[in-house]
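Me: Hey, I've got a structure open and I'm not sure where to begin. Can we go through it together?

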Amino acid sequence: MTRHVTDFRDVRGHHAGRVPVEFHPVRSLRTFEEAIEQIAYAIRVGDLAVGDRLPPERTLAATMQISRPTLREAIHLLVRTNVLEVRPGQSGGTFVISDTVPNGLLQTRIHSHIHAVAEVLEARRALEPEVAQIAGVYATQVDFDRLETTISEQWRALNHRDRLLQLEERFHLQIARATGNHMLVELMKTLHGRLAIAWDIGKRLPKDDEHGIRLHEETLAALKSRDPRKIAEVMDRHLALLEHLWADETGRPRLREPNATPARRSSAAS
Ligand SMILES: [Zn+2]
């Protein structure tokens, strides 16, 4: 949000309406959590599929610049949650055995509390339609094929809730990747990691699933047209789906109520 110069004076207390300083808990991301996140992400977006073998421990630890015991700790957790399997012997190694990563595996994925979901939905409105329009400019045939494959997998995954939710996220991250902009991919990863709770609570009925997949088909068609207005129109309906599900299920508004944040709105926007 743009701050006016007068607002800074407010913060420093020269005028009335001081904004209270907000401190947050300090949370260092442990290296082993980040190793898990990297492997889990590769599975979630489909870069690693069932049957794929991870690079040897020594190589992977060197690539991630973490110690081998740390990597082993990360792999053990993914083995315990039935995502990976370690097979002994000459043709052995660490293999992917699931195309679904359990939600809540990492703190980052369950970090957003219910009251923060409206903010996440609002942030999504600010970011994702633009991301889709940029993807409409830069997407290649390979990107379109990937999105197509994800949609086919979604139809096959009907009634498999966890898998469907993951494919939902995959579709949106694939759009972000089609922009070719790493910053946008990172922002979308964060955003969608925090949307998981909204999907979890919001999506209850099979018709919601089918509606969601049809919206993906329409989104892909709009991206292929490369027409920014078409993309904006379909993204508006696309994002509204989760917003409505969320509002219906929780009775909470899809966006923050006006005046819900008086502290921030008190600074004069002259
Ligand atoms: Zn979607």
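Reply: Sure, let's start with the overall make-up and then look at some helix pairs and single residues.

Me: Is this from an experiment or predicted?

Reply: This is a predicted model. The protein chain averages a pLDDT of 83, and 78% of the residues score at least 70.

Me: Which elements have the lowest and the highest mean pLDDT?

Reply: Helix α12 (residues 262-265) has the lowest, at 44, and helix α7 (residues 141-156) has the highest, at 97. Over residues 1-13 the pLDDT is below 50, and that stretch has 14 contacts in the model beyond near neighbours in sequence. Residues 260-270 are also below 50, with eleven such contacts.

Me: How should I treat places like that?

Reply: Where pLDDT is low, don't read the predicted coordinates in detail.

Me: OK. How many helices and strands are there in the protein chain?

Reply: Twelve helices and two strands. Going from the N terminus, you pass four helices, then the two strands, then the other eight helices.

Me: And how much of the chain is buried?

Reply: Buried residues make up 29% of the 270 residues. As for contacts with a separation of 6 or more, 69% are between residues 24 or more positions apart.

Me: Let's do helix pairs. How do people describe two packed helices?

Reply: They give the angle between the axes and the distance between the axes.

Me: Right, so how do α6 and α8 pack?

Reply: Helix α6 (residues 117-138) and helix α8 (residues 161-178) pack at about 55°, with axes 7 Å apart. That angle is why α6 and α8 count as oblique to each other. Their crossing is left-handed. On the α6 side the contact is made by Val131, Ala132, Ala135 and Tyr138, and on the α8 side by Ile175, Ala176 and Ala178.

Me: What classes of residue are in that contact?

Reply: Seven nonpolar, with no polar and no charged residues.

Me: What about α6 with α11?

Reply: α6 and helix α11 (residues 228-250) pack at about 155°, with axes 9 Å apart. Angles over 145 degrees count as roughly antiparallel, so α6 is roughly antiparallel to α11. This crossing is right-handed.

Me: Which residues meet there?

Reply: From α6 you have Val117, Leu121, Arg124, Arg125, Glu128, Pro129, Ala132, Gln133 and Gly136. From α11 you have Pro228, Ile231, Ala232, Met235, Asp236, Leu239, Glu243 and Trp246. By class, that contact has ten nonpolar, two polar and five charged residues.

Me: Now further up the chain. How are α3 and α4 placed?

Reply: Helix α3 (residues 57-64) and helix α4 (residues 68-80) pack at about 105°, with axes 9 Å apart. Because of that angle, α3 and α4 are roughly perpendicular to each other. Glu57, Arg58, Leu60, Ala61 and Met64 in α3 meet Arg68, Leu71 and Arg72 in α4. By class, the contact has four nonpolar, no polar and four charged residues.

Me: Switching to single residues. Is leucine 223 buried or exposed?

Reply: Leucine 223 is buried, because it has 24 other C-beta atoms within 10 Å. Leucine 223 lies in helix α10 (residues 206-225).

Me: What does leucine 223 touch?

Reply: Not counting residues up to four places away in sequence, leucine 223 touches Ala132, Ala135, Gly136, Ala139 and Ile231. Leucine 223 and glycine 136 are 87 residues apart in sequence, with their C-alpha atoms 4.8 Å apart in space.

Me: And where does leucine 187 lie?

Reply: Leucine 187 lies in helix α9 (residues 182-202). With 16 C-beta neighbours inside 10 Å, leucine 187 counts as partly exposed. Leucine 187 is 63 residues from arginine 124 in sequence and 9.9 Å from arginine 124 in space, C-alpha to C-alpha.

Me: Last thing, backbone angles. What is the phi of asparagine 159?

Reply: Asparagine 159 has a positive phi of about 75°, although it is not a glycine. Asparagine 159 lies in the loop between α7 and α8 and is exposed, with 9 other C-beta atoms within 10 Å.

Me: And what is the phi of arginine 226?

Reply: Arginine 226 has a positive phi near 60°, and this residue isn't glycine either. You'll find arginine 226 in the loop between α10 and α11. Arginine 226 is partly exposed, with 14 other C-beta atoms within 10 Å.

Conventions: Residues are numbered from 1 along each chain as its sequence is written. This is a predicted model: local features need pLDDT of at least 70, side-chain atom pairs count only at pLDDT 80 or more; totals for chains, interfaces and linings use all residues. Axes are lines fitted to C-alpha atoms, for helices over the stretch in contact, and angles run from 0 to 180 degrees between N-to-C directions. Angles under 35 degrees count as roughly parallel, over 145 as roughly antiparallel, 65 to 115 as roughly perpendicular and the rest as oblique. A crossing is left-handed if the near helix is turned anticlockwise from the far one by less than a right angle, and right-handed if clockwise. Two residues are in contact if their C-beta atoms, placed from the backbone, lie within 7 Å. Ala, Val, Leu, Ile, Met, Phe, Trp, Tyr, Cys and Pro count as nonpolar, Asp, Glu, Lys and Arg as charged, and the others, Gly among them, as polar. A residue is buried if 20 or more other C-beta atoms lie within 10 Å of its own, exposed if 12 or fewer, and partly exposed in between; C-beta atoms are placed from the backbone. pLDDT is the predictor's confidence in each residue, from 0 to 100.
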